[in-house]
Amino acid sequence: MAGQVYYEDIQVGDPIPVLRKNCSTLQLVAWAGASGDFYQIHYDVEFARRTGLSNIIVHGALKNAFLGQLLHDWVSPEGRIEKFGCQYRGMDYPDQDIMCSGVITRKYVEGDRHLVELDVWTENPSGQKTSPGTARVSLPSRG
Amino acid sequence: MTESVVTEALRAQLGVDGPETVHEVTSTGCRMFARAVGHTDLVFYDRDAARHRGYRDILAPPGYLGTPVYLPRMAGAVRVGKDLDVPYPRVLNGGTTYEYVEPVCAGDVIVSHTRTTEFQERTGSIGPMLIVFRETTYRRQTDGAVVARMYGNTIHY
């Protein structure tokens, strides 16, 4: 985490710092326990193959939570995530990089809130955006 | 386009709140979730760090709105999207968006209700499908304040 980002410091089109994730099978099991999603396609290879998958896959909600981490680390300590989410468009697998990225699409002031909207996404090693989404955060102002 | 699978019975569920679910936001739950994601910010792990930052208690990490209270006689968790009588055998979670109204912190007890907001029928590469859009509202139990909303969709095919 670098220093605090302020509303005045950013422009539409700016990227935010990329977050690289890479899930071990251990992490997927930890996520199953923490999230309560015990669907076996995320930790039982034989089960996953019987459903037609080539391997166990990373939970979509975990990739969404990675985008939450991407945003939290960017706006902290004073900024707040107001809204974030993504669509689950493609699969990611354990032991492969999941690059989490964002780019600023809009900035505006509403009342006393300094708001920033972003496109966010996770990307697999082939360059496909497997979880495209959007977010809105509030940032502190230097004003 | 094939014949619509959205029956009157399904349509009647639009906008109707489902049963309530109670979620406990515990310090352990926050830490487990944050650790599973790989968060490094102490605000998700340490009460003093969270209070120093102006939060009432350990902050719930993004996407964590507590753990549903489980009792042994309850039926197993219903897989997302399996609660509706839809004539398609397979279901995919299409996406999730969280909107925060107020910070959610350890110690909060949250009551949620989910309602179906829209049905969309499409034909795509995987054949005919029904997309079900849902909205869940999360209220703090102590004062009834809405703290968050979740928007999600499931794809039935």
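The following paragraphs describe the fold of chain A, the sheet that it shares with chain B, and the contact between the two chains.

The structure is a predicted model, in which local features need pLDDT of at least 70 and side-chain atom pairs count only at pLDDT 80 or more, whereas totals for chains, interfaces and linings use all residues. Residues are numbered from 1 along each chain as its sequence is written, chains are lettered from A and ligands numbered from 1 in the order in which they are written, and side-chain values use heavy atoms, with hydrogens and water left out.

Chain A contains 3 helices and 5 strands, where helices (H or I, at least four residues) and strands (E, at least two) are DSSP runs numbered from the N terminus. Along the sequence these elements follow the pattern β-α-α-α-β-β-β-β, and the C-alpha trace of chain A spans about 55 × 30 × 25 Å along its principal axes. Of the 143 residues of chain A, 50% count as buried, a term that means under 20% relative accessible area, with exposed meaning over 50% and partly exposed in between (1.4 Å probe, protein chains only). With contact defined as heavy atoms within 4.5 Å, 67% of the contacts in chain A between residues at least 6 apart in sequence join residues at least 24 apart.

In helix H1 of chain A, the buried residues are A:Gln27, A:Leu28, A:Trp31, A:Ala32 and A:Ala34. The cover over these residues includes strand E1 (19-22) and H3 of chain A, together with helix H2 (27-37) of chain B. Just after H1(A), A:Gly36 takes a positive phi of about 80°.

Two residues of strand E4 of chain A were examined individually. A:Trp121, which lies in this strand (residues 113-123), is buried, with a relative accessible area of 13%. Leaving aside neighbours within four places in sequence, the residues in contact with A:Trp121 include A:Leu67, A:Met99, A:Lys129 and A:Pro132. A:Val103 is also among these contacts, and its C-alpha lies 9.3 Å from that of A:Trp121, the two residues being 18 apart in sequence. The side chain of A:Trp121 further makes a polar contact with the side chain of A:Glu123 (3.1 Å); such a contact is a pair of N or O atoms within 3.5 Å, for which, within protein, one atom must be able to donate a hydrogen and the other to accept it, and residues adjacent in sequence count only if both atoms are side-chain atoms. A:His114, likewise placed in strand E4 of chain A, is buried with a relative accessible area of 18%, and, not counting residues up to four places away in sequence, it touches A:Tyr7, A:Tyr108, A:Val109, A:Val137, A:Ser138, A:Leu139 and A:Ser141.

The strands of both chains enter one open sheet of 11 strands, in the order E1(A)-E3(A)-E4(A)-E5(A)-E2(A)-E3(B)-E6(B)-E5(B)-E4(B)-E1(B)-E2(B), with antiparallel pairing; two strands are taken to pair if DSSP finds at least two bridges between them. The edge strands, each of which pairs on one side only, are E1 of chain A and E2 of chain B. Within chain B, 10 bridges join the antiparallel strands E5 (residues 127-140) and E6 (residues 146-156), and B:Thr136 has B:Met150 in E6(B) as its bridge partner. Strand E1 (residues 21-24) of chain B is joined antiparallel to E4 (residues 109-124) of chain B by 4 bridges and to E2 (residues 67-68) of chain B by 2 bridges.

The two chains meet within this sheet through E2(A) and strand E3 (residues 91-100) of chain B, which pair in the antiparallel sense over 5 bridges. One residue of E3(B), B:Glu99, is the bridge partner of A:Lys83 and also forms a salt bridge with A:Arg136, the closest N and O atoms being 3.5 Å apart. A salt bridge is here a side-chain nitrogen of Lys or Arg within 4 Å of a carboxyl oxygen of Asp or Glu, and the rule finds 1 across the interface of chain A and chain B. Residue pairs in polar contact between the chains number 12 (both residues at pLDDT 80 or more). On the side of chain A that touches chain B, helix H1 (25-35), helix H3 (60-75) and strand E2 (80-87) each supply at least two residues, and E2(A) gives the most, with 8 residues.
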